[in-house]
Protein chains: 4
Amino acid sequence: MTRRPYQIALFGAGRIGTVHARSVADHPETQLRYVIDPADGAARALAQRHGADPADERTALADPEVTAIVVASATDTHAELVEKGLKAGKAVFCEKPIDLSIDRVNACLQAVEGCDRPLFLAFNRRFDPGVAEMRRRISAGAIGDLELVTVVSKDPGALPIEYLKVSGGMFRDMTIHDFDMVRFILGEEPVSVTATAATLTDPAIAAEGDIDTACVTLQCASGRIAVITNSRRASFGYDQRVEAHGSLGTLRTENVPQSMLVQEREDGVRREKPQFFFTERYAQSYRDEWAHFVRVLNGEEAPSPSGEDGRRALLLAEAAYRSLHSGRRVDLATF
Amino acid sequence: MTRRPYQIALFGAGRIGTVHARSVADHPETQLRYVIDPADGAARALAQRHGADPADERTALADPEVTAIVVASATDTHAELVEKGLKAGKAVFCEKPIDLSIDRVNACLQAVEGCDRPLFLAFNRRFDPGVAEMRRRISAGAIGDLELVTVVSKDPGALPIEYLKVSGGMFRDMTIHDFDMVRFILGEEPVSVTATAATLTDPAIAAEGDIDTACVTLQCASGRIAVITNSRRASFGYDQRVEAHGSLGTLRTENVPQSMLVQEREDGVRREKPQFFFTERYAQSYRDEWAHFVRVLNGEEAPSPSGEDGRRALLLAEAAYRSLHSGRRVDLATF
Amino acid sequence: MTRRPYQIALFGAGRIGTVHARSVADHPETQLRYVIDPADGAARALAQRHGADPADERTALADPEVTAIVVASATDTHAELVEKGLKAGKAVFCEKPIDLSIDRVNACLQAVEGCDRPLFLAFNRRFDPGVAEMRRRISAGAIGDLELVTVVSKDPGALPIEYLKVSGGMFRDMTIHDFDMVRFILGEEPVSVTATAATLTDPAIAAEGDIDTACVTLQCASGRIAVITNSRRASFGYDQRVEAHGSLGTLRTENVPQSMLVQEREDGVRREKPQFFFTERYAQSYRDEWAHFVRVLNGEEAPSPSGEDGRRALLLAEAAYRSLHSGRRVDLATF
Amino acid sequence: MTRRPYQIALFGAGRIGTVHARSVADHPETQLRYVIDPADGAARALAQRHGADPADERTALADPEVTAIVVASATDTHAELVEKGLKAGKAVFCEKPIDLSIDRVNACLQAVEGCDRPLFLAFNRRFDPGVAEMRRRISAGAIGDLELVTVVSKDPGALPIEYLKVSGGMFRDMTIHDFDMVRFILGEEPVSVTATAATLTDPAIAAEGDIDTACVTLQCASGRIAVITNSRRASFGYDQRVEAHGSLGTLRTENVPQSMLVQEREDGVRREKPQFFFTERYAQSYRDEWAHFVRVLNGEEAPSPSGEDGRRALLLAEAAYRSLHSGRRVDLATF
């Protein structure tokens, strides 16, 4: 490849911004150009590590050399940056969600409708090697007609209460990944949603009026069913499993252990725990989603997930809350 | 042990009757005395194999040497045999269900209320070694406070349509095992039930007005949630898994493979399929439930599951159908 | 089947005799007729349990109704009973070994050379479901040309020193199973043997001049290699694994866990230990070897393993000791 | 950390050089300064990618800013570069082996004896997360007294015959990793070596006079035994397993699958194959060995493996060939 690497501006030098910065720097077709963050020190440190410059928003968006922006800043800045970026002619890689308010998301997507640059919404789990291969095999007919999709998704432990206050609630913050996963695996839109939930792990969550343990059931027009079970706390690590059942068999992804060490003693056979934290568990998926985004920049692939995928996942979260509070199955057609 | 073995009369010489006959014969404290079956040939053959006699109902129930009866005859004879057996002073080991009609079950249990002999209802899966150990560890606090119970239960393949016609429907015939499992593991009564279902595996099932794929969610007063997913067809074998999630971790039972053989080739790593049929998969549980029943006869344990456990499982099946048809969460208190 | 079941005389009412008695009784084509044991009480109890009679050797061998004898008595009585049984026109099912002395084995096999009844030598592990399926797949070409066979075989714990004194030493008592396994899987005779060993688990074993930890390597004329590793003590249970490596892949059998329960907590992922004792681990293989013996009685199959298989396994044990003490590869052609 | 990163000169821009270049660049405490390779284009491309300069040997060794060199060039240049590097006052990270000739290795280590900079010999498998944790647990007493170490090591497929011609033979090229592994896990020097081998996978290997399938047994003065089994070809991927058996239990590392996807169908349960190639399978170990080398540069740890470790592994390879050809156990004391 002799073309000069795409120049990338990164908004947000926090945990997830750092992950994306490494993906940009490691990929032979992209180069980190700017890092923008209200915390000057963080922006400078991250920029220097990868040969980029700290900058302000205006500079980054005005630079014609910049092909794409990565939005990894605070959630409440996403929608505005998506709009500004696309309108400035940049391709946009946006961390989920576009916004916690479905109205704001709708407004954002409407505002950028005419823009001809791609918008990618970073539900990274679609790029997990096991999940991606599962989707490929289902498409290839490996398990026949799909009938039942099951997602188990549990966080390794309680989040700081400050984070929970601004998270939008479990369905919008955590289950939203699973809503996208279900849509990705099903390959068909759900038409109804039913939710059951409780607050069991921490009274502080109840005090915020939120839930921490849930089961959400979705159904498609074809009758296919998807089931999500969630907990905010799995003491042993990040519990992330997906299972698809079809007429010819099942496909499922198991948790990834920290190593393949096995210890056999009188007190039992002990294997290693699942990888604990999302940056470790999904390290490969972050690299692979960036590789996909580069192919989008090359015009080789359409962005998947797209902004519309982000909107639909949020809509399912809204419907789940509606069902939870009404005790009824919620019909998405009339929602 | 110098006491003479307990004499047992077995009603039903079909598939499950044959299983119980072997359990009776193999246990040092019990002896098969009579086999009763409308098909004379089947009764005679099974009786001879274990040194017993074929007999009619009257003879068996009138013989004072008979301590207990095993009811493994056609489903629609169960309730009457339970009543006759208990009233004749026999302990009763009854295959599930007592009846497919909740009214008939209620009537039966009322009719035998004064009887002082024990009634055991044979939900055999409580005795699966993995499940039994799971229950023991939960009681011992191994996973802290229980929060979420998940049951996956799929049959290895389509049942004959004639059987389906008299089965009472999937929730009463198949899910009923899972309702009992959930109650056994939860250790707390569910207070609400929500069901989603479809007919996906066989149009003949739809023609009978029944379902073959389902998700049922139950919740307890404490907030604890249980989730059951069912399919009438898992192409690869009998798919039977239970998972309990608590504040300190999870316990789960995986499928039992046909052998521990592993084949590694260019086309992948291939392990053996789960044991295919319930008589193979639950062979140990049938032996262990009989050993429990012997301890009940010895006065060492109370029957578990009891007739009341059978009634409650059937009630959950009724509630699941109600929820399925109404699209609402069903409150069991007002059911 | 309308033919009367084969009548069987069992010599030995100890642990392994009890196992075979159940196999005989459970098989529809065989019936236990006599139990012979110097301990009268043991013989009587085992006989009664299965509707047989206690008897003496003379009665059992003289009864023309008896089709076959099972030799499960003390090791030093095996060779004589094999000779007497075959000469009395009975088929013989003999527990391993025929004798601990290769000279005595040679004499025995010579003595019965003219007899036309079959002699089966009970190396039960050939009938383990995983091993049997491995052998079938190798024959079917599943892994191409066989190149390397690995056997790991460890006992769950120290044997009583009284047993060790009469065991003939580890290679003759324990590794002999693995020598038969290697011959069974290889399908080609080894031509050389190399042994390395130590006494590490118990000074009492060293005091007897025996070993408890070893590696024996065998090679065939084709170049194929087999490797056996042994220990008298695996603290976590019975460690029994076989692996075959060929040009197209590998086949291996893993240990059989006590149940499929998995516990995931902060202290790790804990699975159940391997089944601990040989009567539990090999329960199915004992049933399957009896079914094979019945097919031998029916003239449908030749006995495998045969007496000659028993002789060859013992010869490998002799060669292994020779190599261990000489520090050389032992050529079996000139042994 | 405010200190300027250590400046590193890399010799060799081939496959393994590329791996080390990324480790150097990714580590916050090191920076790639020079790349030296006879193929100018390769050196330039690799240097540019990480902000370094292509250079010649003289420049790199003369630059006082360079703290350490990485020797990843052709095998026959290693010994000379180790000598030049250490004598120039550079720390040396040397790919295995120092040389294929034990005499040359001895000469090299003697030549650098007075040098005060560290020499690290890159047997990367010591840094595999499972192996490293195994070693830590053995040291912590998790399995009591170590008795038996088993290493299975098979390459994913035939190497080009040109490579085989200069490889030094299987024991010096491939088994040498396993000799180091055995020494690392045993924590005690072997005192004898016994080898059995064959050529089964490819006649071209036989034509070179080399072997492709082997079993090597080592024993320590304490009696402890280690067993290595090798094949040049495992059709399904890179087969790399280590097992340690002690008085209290075992520790073993299983192969790392390509993903945790499981497919269950009528044709069996299929899991993913082991990671195929060493750069994928040992990706983490390369990062971790570099982190160790940085701690060596910091004076926090001694190099492990050292040059002496490299010499001892090669000595075991020599002894294995001696045993193979003589048919005897080789005593290392008199070797």
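This short talk looks at how two chains of the structure are related, and then at one glycine in chain B. Hi everyone, and please keep in mind that we are looking at a predicted model.

Let's start with chains C and D. Two copies of a chain are related by a rotation about an axis and a shift along it. Here, chain D lands on chain C after a rotation of 180°, with 0.0 Å of shift along the axis and an RMSD of 0.0 Å. That is how a two-fold axis relates two copies. Which residue of chain D comes closest to the rotation axis? That would be D:Arg328, whose C-alpha is at 2.2 Å.

Now for the place where these two chains touch. On chain D, 27 residues are in contact with 27 residues of chain C. The elements of chain D that give two or more residues to this side are strand 7 (146-154), strand 8 (190-198), strand 9 (213-220) and strand 10 (225-231). By class, that side of chain D has 16 polar, 8 nonpolar and 3 charged residues. The copies meet through the same surface, because 100% of the interface residues of chain D are also interface residues in chain C.

Finally, let's visit B:Gly249, which you can find in strand 12 (residues 249-253) of chain B. Is B:Gly249 buried or exposed? B:Gly249 has 24 other C-beta atoms within 10 Å, so it counts as buried. Leaving aside neighbours within four places in sequence, B:Gly249 is in contact with B:Ile143, with A:Ser235 and A:Phe236, and with C:Gln263, C:Glu264, C:Arg265 and C:Glu266. B:Ala142 lies 107 residues from B:Gly249 in sequence, yet their C-alpha atoms are 7.9 Å apart in space. Thanks for listening!

Definitions and conventions: Residues are numbered from 1 along each chain as its sequence is written. Chains are lettered from A and ligands numbered from 1 in the order in which they are written. This is a predicted model: local features need pLDDT of at least 70, side-chain atom pairs count only at pLDDT 80 or more; totals for chains, interfaces and linings use all residues. Copies are superposed by least squares on the C-alpha atoms of residues with pLDDT of at least 70 in both. Two residues are in contact if their C-beta atoms, placed from the backbone, lie within 7 Å. Helices (H or I, at least four residues) and strands (E, at least two) are DSSP runs, numbered from the N terminus. A residue is buried if 20 or more other C-beta atoms lie within 10 Å of its own, exposed if 12 or fewer, and partly exposed in between; C-beta atoms are placed from the backbone. Ala, Val, Leu, Ile, Met, Phe, Trp, Tyr, Cys and Pro count as nonpolar, Asp, Glu, Lys and Arg as charged, and the others, Gly among them, as polar.
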